[in-house]
Amino acid sequence: MNGIRTKIFQLGLVFISFFLQLPELSADITGPSFILGEKTKGESLTPFLAILYGVPSEWGPDTVQEHFQKGAYYRETGESVNFGLDFSTKWVHFQLTNPFPGDRSILIENNTTIIDHMELFQNQGDRFVSLSVQGDQEPISQRAVLSRQPVFRLTVPPGTHNYLIRMDAKNVVQLGLKIWDEHVFHQKNTTELMTISLLLGFHIVIALYNFFLYVSVRDRMYLIYVAYVLSNVAYQSSSMGIMQYVNHILFGWETLNNWVMIASVDAVIITALIFSHFLLSLNDQLPMMSRAMKACGLISCLNLLINFTISVQTAAVFCLFNSVLAVTLLMCAGLYLCWKRYKPAYFFTLAWSFYLTGASGNIFSLIGLIPAFEISNWIQLYGGSIEIVLLSLAVGGRMSHIQTKLTRVLTEQKQIEEVVRSAQFLRRRELETGLPDFLNYTYYSQAAKNVSGDWVGMVICPEAKRLYIYLGDVMGHGLSPALMSVIAAGATRGAIHNSLDRSLGEPDRVLHIVRSINDALFDRCHEADCFMSLALVSLNWETGEACHVNAGHTPLLKVTHDEVQSFIQPGSLIGMFKDPIFRAQTLTLNPGESIFLYTDGLTENTSPKGRPLRMRAIHKALLAGDTLESSESTLIQLMNRHWTEQPLADDTTFFILRLEKLRKLASAG
């Protein structure tokens, strides 16, 4: 039965070799023997190997040797033997000839580290004897030389001798045997370790630099980039044998589980996709590609579960092909955005071009699509290092792009703020013109930011001997509420003028005005998710009769010579409800009395100790002065003393209107 399986497997390999260019079947075991010279400096054993695939795991070296003698083996003419995704047990046979009279001591290195078990046998008499077992699933202390890659120490007696190597692995396998003199190997190994350490150290420095940038600017993209770089470090160090080597030196660990490298590759894929998603703003620029990348990332997440719970072999296959998919998606996204002239994509695409070159060479070599060369073990590390540099430039390019856009936005914002300030200035000019001499007023306004969301104004109707006063407060502070305040002020003035054509009693008129303002601003308020409060007062300056509507605003205060009266008649906020509830309230203003309107910033801004300004202190300040100007001055001093010039949390505005005494009116006439 075993013979039938072997024949079927051999026929399968002949078929596959037609496409993958596997080594050809040979029937001659009397191939060339490697002749040891006086010095060996990494000469390849590959041309001298007889290779046997698909061997049942229970076969021993003597049974395998019989099959070699029958000619059931292959030869490889390349630099290394690439078994690709063949997870079966594999054997190789080679001969060494020592032409010297004494024993010859050499090292045999496998220049690829991704192999679970390698066992070296030597023919002694009529049987093969095991000399050493190595691999990343074998204790690293068993290696003849403490090194990142499997190394056998071999003493070759004079004459020609036969050797076998058995290989078992649950992942991709490459075999690149080289023969070294020990001192030459140590020189070469030291140079390789220094090179790998420098490149991986460079990765770590880049990660630390970007972590400090994240701490400074709190942009999540930097943190994701750090995760991507560290995932690359984990993958490169595991694939180059550095992780097992360092873990043994630092912690005494002997082996490195197969799932580690597969998990690190999935981590590289996931972090690369998330990082690219942020860097290229794919949600906005390429929604379809964004969804494709999310699907690719989901495959890697599922593969992590397969890796940890089901099968490392299955996970290895999925991981290889998903990495090709991920790099393809990243390159397509980069090329498309380069075509769209998105500047951060330039360095991004160039970076992934280098990574694609390295990754493709390594992946295609691992799965057996191209011959295995020693450079294929290094090309991804070099390509990845160049990629890290270019991606750092891409991150810098993105920040430059964002700063350029931010500068443009800030410039536009300043221009808009100037327009808003101009509109607010014109509103203030309206306050300063056309008012009857016997009405005196003052107002104060301070913005929490550059422009205020409070608005105040008056509309004078000489024919009706009536004055309309309004003070509004848009929720929030900054440019958006300030723009809304300009719109609201226009809507308020328009509603007042339109109401004059209607025959209404004054309580009904002020209610009609406020409802008209609500109707005009309702849709705009909901679009901007921005509502506002309003206090509207209609004053007949002949009779002193006043009508007041409060739309979610602070109470109106009436200031007499010895007390402050508060008028509270709350209503709905402007723009919040389609059918709001408002109520009109009447009061009488006598000569020498004042109306005080204010926004909630007056009572909500706090002292450095977090204490708000109390209404009792405000009442006292309003009563302290004999004149309007002295009352205003006392109140401003109170505010400055309480807030101690700290930045305001909310816009603050107040308005005072005073009906002068009769004797002053007489003198004015």
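Start by selecting β16 (454–461) together with β17 (residues 466–474): in this predicted model, the two strands run antiparallel and are joined by eight bridges. For one of these pairings, click on Met-458, whose bridge partner in β17 is Ile-469.

Now widen the selection to the whole sheet. It is an open sheet of five antiparallel strands, and you can walk across it in the order β16-β17-β18-β19-β22. Pause at the edges, where β16 and β22 (584–588) stand: each has a single partner strand, so one side of each is left without a neighbour in the sheet. If you look along the strands, neighbouring ones are turned by 15° against each other on average, ignoring direction.

Next, add helix α13 (residues 506–528), which lies across β17, β18 (532–540), β19 (545–551) and β22. Against β18, the helix runs at about 155°.

Stay on α13 and pick Ala-520, which sits in this helix. Is Ala-520 buried or exposed? Its relative accessibility is 53%, and exposed means over 50%, so Ala-520 counts as exposed. Then show Gly-575 as well: it is 55 residues from Ala-520 along the chain, yet their C-alpha atoms are separated by 8.4 Å.

For the last stop, jump to helix α6 (residues 258–279). With 22 residues at 1.5 Å a residue, α6 should span 32 Å, and its end C-alpha atoms are indeed 32 Å apart. Turn on a surface around α6: 18 of its 22 residues are buried, so the helix is largely enclosed by the rest of the structure. Finally, step past the helix to Ser-281, which follows α6 and has a positive phi, near 50°.

Technical notes:
Residues are numbered from 1 along each chain as its sequence is written. This is a predicted model: local features need pLDDT of at least 70, side-chain atom pairs count only at pLDDT 80 or more; totals for chains, interfaces and linings use all residues. Side-chain values use heavy atoms; hydrogens and water are left out. Two strands pair if DSSP finds at least two bridges between them. Helices (H or I, at least four residues) and strands (E, at least two) are DSSP runs, numbered from the N terminus. Axes are lines fitted to C-alpha atoms, for helices over the stretch in contact, and angles run from 0 to 180 degrees between N-to-C directions. Contact means heavy atoms within 4.5 Å. Buried means under 20% relative accessible area, exposed over 50%, partly exposed in between (1.4 Å probe, protein chains only). The expected span of a helix is 1.5 Å times one less than its number of residues.
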